[in-house]
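Q: I should be grateful for a close reading of a single part of the model shown here, followed outward into its surroundings.

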Amino acid sequence: MRSEFLPFSKPSISEAEIGAVADVLRSGWITTGAKAAAFEEAFADYCGTPGAVALASATAGMHLLLAAMGIGPGDEVITPSLTWVSTVNLIQLAGAKPVFADIDRDTLMVSAETIAPLISERTRLIIPVHYAGAAADLEPLRQLAAAHNIPLIEDAAHAAGTEYRGEKIGRRGTTIFSFHPIKNITCGEGGMFCSDDASLLEHIRRLKFHGLGVDAFDRSMQGRSPQAEVIEPGFKYNLTDMAAVLGLGQLNRLDEFNKKRTALAERYLELLADIPEVLPLGLPDYPMRHAWHLFVVRLDSDKTAMTRDEFMARLKERNIGTGIHFKAAHRQRYYRETLGLPEGVLPNTEWNSDRLCSLPLFPDMNMEDVDDVAETIKEVLV
Ligand SMILES: *Cc1c(COP(=O)(O)O)cnc(C)c1O
C-alpha cells in the first residue's frame with residue numbers, strides 16, 4: 001500500500017507563480033488592475049476569441065449571463081442534470097425552470113438529439129457541458145440553437161485547452177471557464193467569460209462591477225474613475241490582481257499541463273483495459289483534442305456487486321482519493337423535493353450518477369502513481 005495519500009486532484013503551483021503573487025502583494029495595487037487586464041488579453045489570445053472578462057468564478061459568469069439575458073419566471077433553460085449544481089441553482093434562483101436533457105451513456109454529454117425534443121416556446125437558453133475535458137459535439141448543437149434562435153452558452157469549466165474540429169473551445173460563441181483549484185488551470189478561485197458577441201461582452205463587463213459604465217480598473221486613472229455612475233444595477237464579481245497573476249502563470253503552462261494529463265490518461269486507459277469491472281468514459285468519434293480535466297470511470301454493476309461508494313471507501317483506506325463528478329442535480333435533495341422528477345426520466349444520467357467516480361489525475365502525478373491506482377483497483381475488486 002502506498003504510504004502517502006494520493007488526492008484525486010491537486011493544483012500545480014510553481015515558485016515563480018508564488019513569487020509573482022508576492023510581487024502583486026507588495027505592489028500597492030492588489031485588486032482588479034493591470035494583471036487582471038493582462039490575464040484577460042492572454043486568455044483571449046490563447047483561445048483566439050476577440051474578448052474575455054475575468055471573474056471571481058465560473059458561477060459568477062453564469063449568474064451574470066442569466067442576468068444579462070433577463071432570464072426569469074416563465075423561462076426554461078435546457079442543460080444536463082449531470083453537471084455541477086451551480087448552473088442549475090442559478091436557473092432556479094432566477095425563477096426560471098431548469099429542463100434536463102439526458103446524456104450519452106459513455107461520453108456523459110448532451111447532444112442535439114437529446115435536446116431537440118425539449119425545446120418549447122419558453123426555451124431561452126441551451127447550456128451544454130464539455131464533460132471531463134472532451135468537447136461536446138458543437139456543430140449539430142449550433143445548428144439546432146440557430147434554427148430556433150436560442151443562444152447556446154458552453155459550460156467550458158472542464159475545457160481549458162480543449163479543441164473541437166481543430167478549433168479551441170472559447171474561440172467561437174459564448175463560453176464560461178473556471179479556474180477553481182481542481183480545474184486544468186487555477187487562480188485560487190476565478191472564471192473567464194469569453195464571447196464573440198461584443199455587446200454581450202460589454203454588458204457582462206458592466207454587470208460584473210456594480211453596473212458602472214467603467215471597469216473596476218481604468219488604465220489612465222490607475223484605478224477606478226471616481227465619476228463613474230450606475231447605468232444599471234450590477235454585481236461584484238471582479239477578479240483580483242492577486243488571483244489574475246497566478247492565472248497568467250498557469251496559462252503559460254496550460255499546454256504542458258494538458259500534455260501531462262493526456263499521458264497519464266493514456267496510461268490509465270491501457271491498464272484499465274484489463275479490469276472489466278471498471279469502465280472509462282467513451283471518447284467522442286468526431287475530431288477533438290481532449291484536455292483530460294477528469295478521469296471518470298463507472299463501476300459496472302453487471303460485473304461486480306460492489307457499490308460505487310464501497311469502491312471509493314476501499315480505495316481511500318488504501319490511500320487513494322477519488323471524487324464524484326457529478327451526482328445528478330435532479331437527484332439532489334432540494335431538486336428531488338421541488339421538481340419531483342420520476343425515476344427513469346433520464347436513464348443515462350441516472351445510470352452514470354449512481355456508478356461514476358473520478359480517479360486521481362493532475363499534472364504533478366507520475367506514471368507510477370497511475371500504476372499504483374490500477375493495482376489497487378484490482379486488489380479492492382477481488
Ligand atoms: C467547476 C464547475 C463549474 C463552476 O465553476 P466555479 O469556478 O467553481 O464557479 C461549473 N460547471 C462545471 C461543469 C464545473 O465543473
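Which residues of helix H4 (residues 85-93) are buried?

A: The model is predicted: local features need pLDDT of at least 70, side-chain atom pairs count only at pLDDT 80 or more, and totals for chains, interfaces and linings use all residues. Residues are numbered from 1 along each chain as its sequence is written, and side-chain values use heavy atoms, with hydrogens and water left out.

In helix H4, the buried residues are Val85, Ser86, Thr87, Val88, Leu90 and Ile91. Here buried means under 20% relative accessible area, with a 1.4 Å probe and protein chains only. Helices (H or I, at least four residues) and strands (E, at least two) are DSSP runs, numbered from the N terminus. The buried residues of H4 pack against two helices, H3 (58-68) and H10 (333-339), and against strands E2 (76-80), E3 (97-101) and E5 (153-155); contact means heavy atoms within 4.5 Å. Just after H4, Gly95 has a positive phi of about 90°.

Two of these strand partners, E2 and E3, belong to an open three-stranded sheet with the order E3-E2-E4 and parallel pairing. Two strands count as paired if DSSP finds at least two bridges between them. Because E3 and strand E4 (123-126) are at the edges, each with a single partner strand, one side of each has no neighbour in the sheet. On average, neighbouring strands of this sheet are turned by 30° against each other, direction ignored; the axes are lines fitted to C-alpha atoms, and angles run from 0 to 180 degrees between N-to-C directions. E2 and E4 are joined in the parallel sense by three bridges, and Ile78 stands opposite Ile126 in E4.

E5, another partner of H4, belongs to a second open sheet, of four strands in the order E1-E9-E8-E5 with mixed pairing. E1 and E5 are its edge strands, each pairing on one side only. Within this sheet, neighbouring strands are turned by 15° against each other on average, direction ignored. Strand E8 (residues 174-178) pairs with E9 in the antiparallel sense over five bridges, and Phe177 stands opposite Met192 in E9.

Phe177 and Met192 also appear in the largest nonpolar core, of 60 residues, where they are among those that touch the most other members, together with Phe39, Phe43 and Ile115. A nonpolar core is a set of buried Ala, Val, Leu, Ile, Met, Phe, Trp, Tyr and Cys residues joined through side-chain atoms within 4.5 Å. Elements giving two or more residues to this core include E3 and strand E9 (191-195).

Methods: Buried < 20%, exposed > 50% of the residue type's maximum accessible area, 1.4 Å probe, protein only.
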